[in-house]
Amino acid sequence: MIHFRACNLCEAICGLEIEHDGERVLKIKGDPLDPLSQGHICPKAVALKDIHEDPDRLRRPVKRTARGWEEISWQAACDEIAARTRAIRDEFGSRSLAVYLGNPTVHNYGAILFQRPFVQALGRPQVFSATSVDQLPHHYAASFMLGHSMLIPIPDVDRTNFVLMLGANPLASNGSIMTAPGIRKRLKAIKKRGGRVIVIDPRRTETAGIAEEHHFIRPGTDVWLLSALLNVVFEENLGDSGRLAGLSVNRDALEKLVVDVTPELAAPRTGIKAETIRGLARDFAASDTAVCYGRIGVSTQRHGGLCQWLINALNVVTGNFDRPGGAMLTHPAVGVVGRESTLGHRGRWKSRVRQLPEFDGQLPVATMGEEILAPGEGRIRALFTNAGNPVLSTPNGRRLEVALQRLDLMVSIDIYVNETTRHADFILPPACGLEVDHYDLVFHAFAVRNTTKFSPALFAPAPDALYDWQVLDELTRRVRRKKRGLAEIRARTAAALFRWLTPSGILDLGLKIGPYGAWGSPARWFNGLTLARLKRSPHGEDLGPLEPKLPGSLRTPDNKIDVAPEIFRTRFKEVLAEGATGDRGPDDRSFELIGRRHLRSNNSWMHNSLRLIKGPNRCTILMHPNDADRLHLADAQPVRVTSGVGEVELPLERSEDVMPGVVSMPHGFGHNRPGTRMTIAEKHAGVSINDLTDDQAIDPLTGNAAFSGQRVTVAPAGIA
Ligand SMILES: Nc1nc2c(c(=O)[nH]1)N[C@H]1C(S)=C(S)[C@@H](COP(=O)(O)OP(=O)(O)OC[C@H]3O[C@@H](n4cnc5c(=O)[nH]c(N)nc54)[C@H](O)[C@@H]3O)O[C@H]1N2
Ligand SMILES: Nc1nc2c(c(=O)[nH]1)N[C@H]1C(S)=C(S)[C@@H](COP(=O)(O)OP(=O)(O)OC[C@H]3O[C@@H](n4cnc5c(=O)[nH]c(N)nc54)[C@H](O)[C@@H]3O)O[C@H]1N2
Ligand code: SF4
Ligand SMILES: [Mo]
């Protein structure tokens, strides 16, 4: 039998064709009829079978006891969790409760929909998520420039003739905030039609390997490159004075800001020659279509917020925004951009210890550990993690582990006993993967083409299993405060309605009232989009290419794009005043650390699949041969890497592909903690890059973790 669905493991949402016998998966391949992925898949898709069958995957709730983990019924677990949560809240208030929302929640529409009621039922808990170790700067740029944090423009790679790509390696990651399955083909097509892809990265990545040009850049210095590109655009009058000029404000302010950031100033800071920078600006502006795209390498760094702003600004002032071949907004079947602006959603409260501003209701996760550890009123005492492994995924994971042990209550909704959940008092494992229906609420909205697809569950979950949304709902009902008042009644009614509708009912409503929906216009009453219609289209439906959406989509008060919002201007001036930072003195033997991804890894959690993890050890530290020679380090030699917060030992890999002075390590490894239950991952443990990264290193503007460019030293292992 054949089952069609979309893969929910990463942002590419590839269509799958799964051969099965009703109980077991026999074969997984790409679905050539999927309108978005057209047959593309990557090796991780096949691991859906491994996760489904994994004997290490938890199938029933467990509770930590003096005798170890013991199975417990859902009812008993949820009752006890709720009683303990209430007791903590009664004594210390709801700010002593916290939630961490991990990456896979965004690939799970049930979890997305039922998270909010749960958070509301807790009161005013402190909310953290993977956003602030990832794309928070994109949301800042979207919110302050376009008026809504979800108005993130997508590079129209299928129609552009010039891509300037910074800090992204889609050949490994399969594209991020750019759902573009089969990206290798899409990028190669650019060259075929006479265009160019240029990659700016401290490592010559797999993507750089198929690009027309690659330039090394010193980690964390992209702000100088981007502002110098703008400097040239203004200086040489290469900007576009067409439609976008009328749609944007503050161009003069932007021009003034970058007036002194000449390519000559940027060159020594970035390591890219002034002439190259000038050439890049000219070529970018001269191309009939061009797009600048920057992803996590330019987000998870000290100037993440400024970088994402400057990238948008470059696209706007050169006329490459909201037009085919440029950076475009999408038109998904279920919208993610509300009517209201999110402009005021920053700094309405601050974190207790470091006074970091909230954004869209969340605090930066780099501060979670200290919020648990630092004594005083408002200290976090109870933590719920959902689909996350912050011990491996957030900076200074070792300190976070110390913190987790100080909690009065920790509850994890997760399918594994991993490096984080091993500290929990309860682990609640939902049905997952092939047992769950899927609709990609988030990534259809970040895709290079408008498509829509619903995936029914392939297998029935165990009779006593609950879905993520049901687990959240069970907890929601039990932890809700017994308060009166309009807000309380509203929240209660909404939660009851959600429960009655279930995620697929809510999705059906969303599709019907959406822009292609049956309820949107009388012309579509009989043939508009509904869930029933999607269920009859197992490969999904094509909704057409991206189209210009301005000014209608803007949520700024004046309906204009602000190319130089005050918050960025202020920060940029501070950075200008600081001047060049982080230069190495002649005796400085430290390296700048960067991360990397591999096609057969997925963040911290897919190392328990033998087919993905086998082969040569991937958890190595890359170093340029000149540096290695200087330190007398041989290939494969175990080295000790030391930072201000910790040290790890792992094998060295000499590589011409990494910039001199920089070393690169993957993230998501470190399965060497005792007490996890991941038999295969433990054998391929590796070490965690976040045992080295400092939680105090953040982008001061956004609070996003600044992973890139942190200083480490490297020495032979075993020598103090
Ligand atoms: N140094 C450094 N650190 C990084 C990064 C980096 O590049 N460098 N990248 C960052 C980025 S971009 C991200 S997004 C974060 C990700 O970090 P996290 O938010 O911690 O996410 P994952 O590592 O993907 O952890 C996923 C967890 O979800 C569980 N899980 C999987 N499927 C389900 C499900 O259906 N339901 C439930 N309840 N649980 C499930 C898995 O068992 C696993 O424990 O890491 C960040 N950390
Ligand atoms: N196979 C696989 N796919 C994944 C994931 C995975 O773990 N494995 N994770 C998923 C997730 S959660 C995300 S967010 C996406 C991320 O998707 P991408 O953003 O494409 O992530 P990376 O592959 O880490 O690419 C980041 C690049 O930035 C470079 N870099 C580091 N520091 C700097 C800097 O200061 N400046 C510049 N210009 N470049 C820098 C790094 O060398 C690296 O090549 O991938 C998703 N897809
Ligand atoms: S690229 Fe992503 S969505 Fe596509 S098969 Fe691989 S993991 Fe799944
Ligand atoms: Mo991510």
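I began with the shell around ligand 1, which by class has 15 nonpolar, 12 polar and four charged residues (Ala, Val, Leu, Ile, Met, Phe, Trp, Tyr, Cys and Pro count as nonpolar, Asp, Glu, Lys and Arg as charged, and the others, Gly among them, as polar).

A note to self: this is a predicted model, in which local features need pLDDT of at least 70, side-chain atom pairs count only at pLDDT 80 or more, and totals for chains, interfaces and linings use all residues. Residues are numbered from 1 along each chain as its sequence is written, chains are lettered from A and ligands numbered from 1 in the order written, and side-chain values use heavy atoms, without hydrogens and water.

Which residues come nearest to ligand 1? I found Asn389, Ser393, Asp414, Asn418 and Ser604, out of 31 around the ligand (a heavy atom within 4 Å).

Next I looked up polar contacts (N or O pairs within 3.5 Å). The side chain of aspartate 414 puts an N or O atom 2.6 Å from an oxygen of ligand 1, and a polar backbone atom of serine 393 is 2.6 Å from a nitrogen of ligand 1. The protein buries 96% of the 920 Å² that ligand 1 exposes when taken alone (accessible area by Shrake-Rupley, 1.4 Å probe).

Then I turned to ligand 2. Its shell divides into 11 nonpolar, 15 polar and six charged residues. Arginine 597 has a side-chain N or O atom 2.8 Å from an oxygen of ligand 2, while histidine 598 uses a backbone N or O atom, 2.8 Å from a nitrogen of ligand 2. Of the 930 Å² of accessible area that ligand 2 has on its own, the protein covers 97%.

Conventions. A polar contact is a pair of N or O atoms within 3.5 Å; within protein, one must be able to donate a hydrogen and the other to accept it, and residues adjacent in sequence count only if both atoms are side-chain atoms.
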